[in-house]
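Colleague: I have a new model open and want to learn to read it properly. Could you take me through it, feature by feature?

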Amino acid sequence: MSDPQTDSHSPSQVPADNSGTVRAEVQREYATKLAQAELRVQAAQAGIKLGDGFTDYLDASKLLGEDGNPSAEAIGQALAPLAAAQESKFAPLAGAGYNRNGPPSIRRVSLDVRQR
């Protein structure tokens, strides 16, 4: 049952009962990708639109907790400035430019004699 196996990356033999080490290595390898996915999920839930490639420029190792899993608190802190920027939109000005509320209440008289 404990026949030695070979790792696909090296020709040396690896004992068959070394699954804990392999799991830890896989978790470290994919923890940053999982943190980026969690960031996108929390941004979508908060209504924040992230630009294309935003997560590529982010240091995803800062989004991990002590245990190596994505930290919701760290992700929330990363999204806080973006959420505040989206909340600070100005209200539309009435009477300036295109206004969906209809024309202004001032009746304009046509200068064309035929329509008077």
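Modeller: We go from confidence to layout, then to the helices, the core and single residues.

Colleague: Where do I start?

Modeller: Start with confidence, since this is a predicted model. Where pLDDT is low, the predicted coordinates should not be read in detail. Here the protein averages a pLDDT of 75, and 66% of the residues score at least 70.

Colleague: Which elements have the lowest and the highest mean pLDDT?

Modeller: Strand E1, residues 5-6, is lowest, with a mean of 54. H1 is highest, with 86. We will spend much of our time on H1.

Colleague: How many helices and strands are there, and in what order do the elements run?

Modeller: The protein has 2 helices and 2 strands. Read from the N terminus, the order is β-β-α-α.

Colleague: How do I check the length of helix H1?

Modeller: Compare the expected span with the distance between the ends. H1 covers residues 19-46, which is 28 residues. At 1.5 Å a residue, the span should be 40 Å. The end C-alpha atoms lie 38 Å apart, so the two values agree.

Colleague: Where is the kink in H1 centred?

Modeller: On Tyr 30, with a bend of about 40 degrees. Look past the other end as well. Gly 47 follows H1 and has a positive phi, near 80 degrees.

Colleague: Which residues of H1 are buried?

Modeller: First the general idea. An α-helix has 3.6 residues a turn, so residues three or four places apart point the same way. Now the case: Ala 31, Ala 35, Gln 36, Leu 39, Gln 42 and Ala 43 are the buried residues of H1.

Colleague: Gln 36 is on that list. Why does Gln 36 count as buried?

Modeller: Its relative accessible area is 17%. The cut-off for buried is under 20%, so Gln 36 qualifies. Set aside residues up to four places away in sequence, and Gln 36 touches Thr 55, Leu 58 and Ala 60.

Colleague: What makes up the largest nonpolar core?

Modeller: That core has 8 residues: Ala 35, Leu 39, Ala 43, Ile 48, Leu 50, Leu 63, Ile 75 and Leu 79. H1 and helix H2, residues 72-87, each supply at least two of them. The largest share, 3 residues, comes from H1. For the whole chain, 12% of the 116 residues count as buried.

Colleague: Which core residue should I click on?

Modeller: Try Leu 39, in helix H1. Its relative accessibility is 0%, so Leu 39 counts as buried. Leave out residues up to four places away in sequence. Leu 39 then touches Leu 50, Phe 54, Thr 55, Leu 58, Ile 75, Ala 78 and Leu 79. Ala 43 is another one to open. Beyond its neighbours within four places in sequence, Ala 43 is in contact with Ile 48, Leu 50 and Leu 79.

Colleague: How do I relate distance along the chain to distance in space?

Modeller: Take pairs of C-alpha atoms. Leu 39 and Ala 60 are 21 residues apart along the chain, and their C-alpha atoms are separated by 9.4 Å. Ser 61 and Lys 33 are 28 residues apart in sequence, with 9.7 Å from C-alpha to C-alpha. For Glu 73 and Leu 63, 10 residues apart along the chain, the separation is 8.5 Å. There is a summary figure too. Among contacts between residues at least 6 apart in sequence, 53% join residues at least 24 apart.

Colleague: Are Ser 61 and Glu 73 buried, partly exposed or exposed?

Modeller: Ser 61 sits in the loop between H1 and H2. At 42% relative accessibility, Ser 61 is partly exposed. Glu 73 belongs to helix H2. Its relative accessible area is 60%, so Glu 73 is exposed.

Colleague: How many salt bridges are there?

Modeller: The count is 1 salt bridge. The side chains of Arg 114 and Asp 112 form the pair, at 3.1 Å from N to O. The cut-off for such a pair is within 4 Å. Check the surroundings of both partners. Arg 114 is exposed, with a relative accessible area of 74%. Asp 112 is partly exposed, at 26%.

Key:
Residues numbered from 1 in each chain as written. Heavy atoms only, no water. Buried < 20%, exposed > 50% of the residue type's maximum accessible area, 1.4 Å probe, protein only. Helix = DSSP H or I, 4+ residues; strand = E, 2+ residues; numbered from the N terminus. Expected span 1.5 Å × (residues − 1). Bend = angle between axes of the 7 residues up to and from the residue. pLDDT = per-residue confidence, 0-100. Contact = heavy atoms within 4.5 Å. Core = buried A, V, L, I, M, F, W, Y, C linked by side-chain atoms within 4.5 Å.
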